[in-house]
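I set out to look up how the strands of a sheet are ordered and how two helices pack. My notes begin once the structure is on the page.

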Amino acid sequence: MDNIQILWVDDEIDMLKPHILFLEGKGYAVDTINNGAEALEMLEEKRYDLLFLDENMPGMDGLETLKRLKESQSSVPVIMITKSEEESIMEDAIGSQIADYLIKPVNPKQILLSIKKNLDTRRLVSEKTTSNYQQEFRQIGMEMAMVNDFEGWEELYKKLIYWELELDKLEDEGLNDILLAQKKEANSQFFKFIQKNYEDWLHDGDEAPVMSHTLFKKWVLPEVKAPDNLLLLVIDNLRYDQWKIIKPIIEQYYNTEREDSFYSILPTATQYARNAIFSGMMPSEIQKRFKDKWISDTDEDGKNNFEKDFLADQMQRLGQGSTKFSYHKITNHNAGKKLVDNLPNILGNPFNVIVYNFVDMLSHAKTDMKVIKELADNDKAYRSLTLSWFKNSPLLEMIKILSAKGVKLIITTDHGTINVGSPTKLVGDRNVNTNLRYKTGRNMSYQKKDVYEVAKPEDIYLPKENINSVFLFAKEDLFFAYPNNFNHYVKYYVNTYQHGGISLEEVIIPFAVLSPKS
């Protein structure tokens with residue numbers, strides 16, 4: 001503590017001697033000066049960790065001193081002290097980004113508390129967070145060994161995300177490594193849980209969680225209530241942790257009525273999961289009902305070109321055929337800006353759907369672009385990149401407008417994504433699909449311990465290209481790699497974000513209902 005340097009600026013500094021002696025007794029080094037001009041000179045010559053600044057001084061007053069200080073040394077925390085309780089002075093000081101505001105007479109404990117709040121918060125929070133996670137570590141391990149239902153896995157995953165975001169605030173890589181090891185073990189157990197229960201869920205809906213194909217009927221449609229205006233926003237590839245970091249920004253404009261999660265179907269890939277959401281059917285059922293609109297994995301055509309048709313059909317089946325709705329898909333920044341401009345025309349419908357593809361494009365860019373790989377080297381950086389995009393996106397502008405116009409909002413996604421770390425070898429012919437987290441085809445050779453194998457795709461309502469087709473889903477953070485040119489292939493794809501397999505990050509995904517603050 002004795003290296004913490006404080007400068008106290010007050011025209012009546014001699015009267016504050018008891019306070020200064022108190023702080024020096026606590027180990028702080030305190031310099032004093034009685035005017036703003038000389039204070040600025042001292043700040044040029046010496047580094048200070050914190051500044052106490054009297055607001056009402058002759059000559060250069062506190063607010064003017066503060067203004068000049070912020071122009072040259074904006075990072076120094078300033079605690080303003082004043083006799084005045086005028087609201088305008090408080091607002092001026094706060095608007096100038098002070099760290100705290102105290103009204104005379106102040107007592108030593110007030111001063112000490114303000115110092116700790118501004119200088120020791122990081123250390124105190126770090127110590128408390130570390131202590132709390134160490135206590136929670138054993139509890140999470142016990143829960144992981146005992147959880148045996150889908151609700152339990154949702155709660156456990158959310159708890160892991162909570163601690164991951166808390167540890168993001170610290171600089172303790174050791175704790176992060178421990179948490180990552182715990183997540184890896186959780187994904188190992190979750191894979192076994194899905195392998196054991198997934199098929200049963202599809203054949204016994206009463207025992208199943210809400211899933212992609214039941215989401216609209218169970219959770220979205222009940223919110224479609226004329227004459228209220230509702231917008232369903234599907235942000236492709238949005239993981240639960242990414243939702244948690246953009247949520248505080250959205251809550252400046254919306255109140256969260258409900259925050260939940262549901263399970264993506266397998267494969268956890270856009271072609272399957274998002275089509276299932278909009279159709280209310282499993283993929284083989286879509287293929288049967290819409291023979292000309294289901295595009296197989298090996299076809300070059302776009303695989304999500306008929307979502308509006310699927311949605312119209314589902315609404316008709318659910319008795320909402322007369323409800324007017326619009327559907328829009330945003331795949332780039334300019335399209336997002338155009339949609340913002342067109343919002344007034346869209347909102348004439350009681351129900352509107354927007355599919356926003358940015359997060360999906362970000363994950364693909366990390367694979368294809370070296371600069372994105374460097375910017376998003378791990379999950380923490382990936383979250384940071386997502387947050388930076390969101391703050392400056394047309395999507396946020398759209399959310400502000402929707403709130404101002406009183407539009408209720410549902411935010412969800414089709415599947416998540418995982419940072420893949422290890423390859424598992426697979427051999428297949430040219431007709432095997434290219435996705436790194438799931439494979440479908442015939443005559444494939446692979447490591448059975450690394451996959452959930454579905455020999456009869458019809459058992460989990462998946463279409464098959466021919467009579468011998470099977471589906472394979474990679475577990476944990478594995479990705480499929482061919483033996484040919486193996487090392488080059490692995491180096492290219494390791495530490496990239498992929499989806500289609502079985503992990504907590506891909507399967508358990510966010511759903512939120514929000515009402516406008518305005």
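The entries below go from the sheet to the helices.

I note that this is a predicted model, in which local features need pLDDT of at least 70 and side-chain atom pairs count only at pLDDT 80 or more, while totals for chains, interfaces and linings use all residues. Residues are numbered from 1 along each chain as its sequence is written, and side-chain values use heavy atoms, with hydrogens and water left out.

Entry one, the sheet. I found an open sheet of five strands in the order β2-β1-β3-β4-β5, with parallel pairing; strands (E, at least two residues) and helices (H or I, at least four) are DSSP runs numbered from the N terminus, and two strands pair if DSSP finds at least two bridges between them. β2 (29-33) and β5 (100-103) are at the edges with a single partner strand each, so one side of each has no neighbour in the sheet. I looked up one pair, β3 (residues 50-54) and β4 (residues 78-82), which run parallel and are joined by four bridges; the partner of D54 in β4 is I81.

Entry two, a helix on the sheet. Helix α1 (residues 17-25) lies across β1 (5-9), β2 and β3, and runs at about 155° to β2, where angles run from 0 to 180 degrees between N-to-C directions of axes fitted to C-alpha atoms, for helices over the stretch in contact (contact means heavy atoms within 4.5 Å).

Entry three, two helices. I saw that α13 (residues 333-346) and α17 (residues 394-404) pack at about 15° with axes 9 Å apart, which makes α13 roughly parallel to α17 (angles under 35 degrees count as such). Among the residues that meet are L339 and L343 in α13, and M398 and I401 in α17.

Terms used
Angles under 35 degrees count as roughly parallel, over 145 as roughly antiparallel, 65 to 115 as roughly perpendicular and the rest as oblique.
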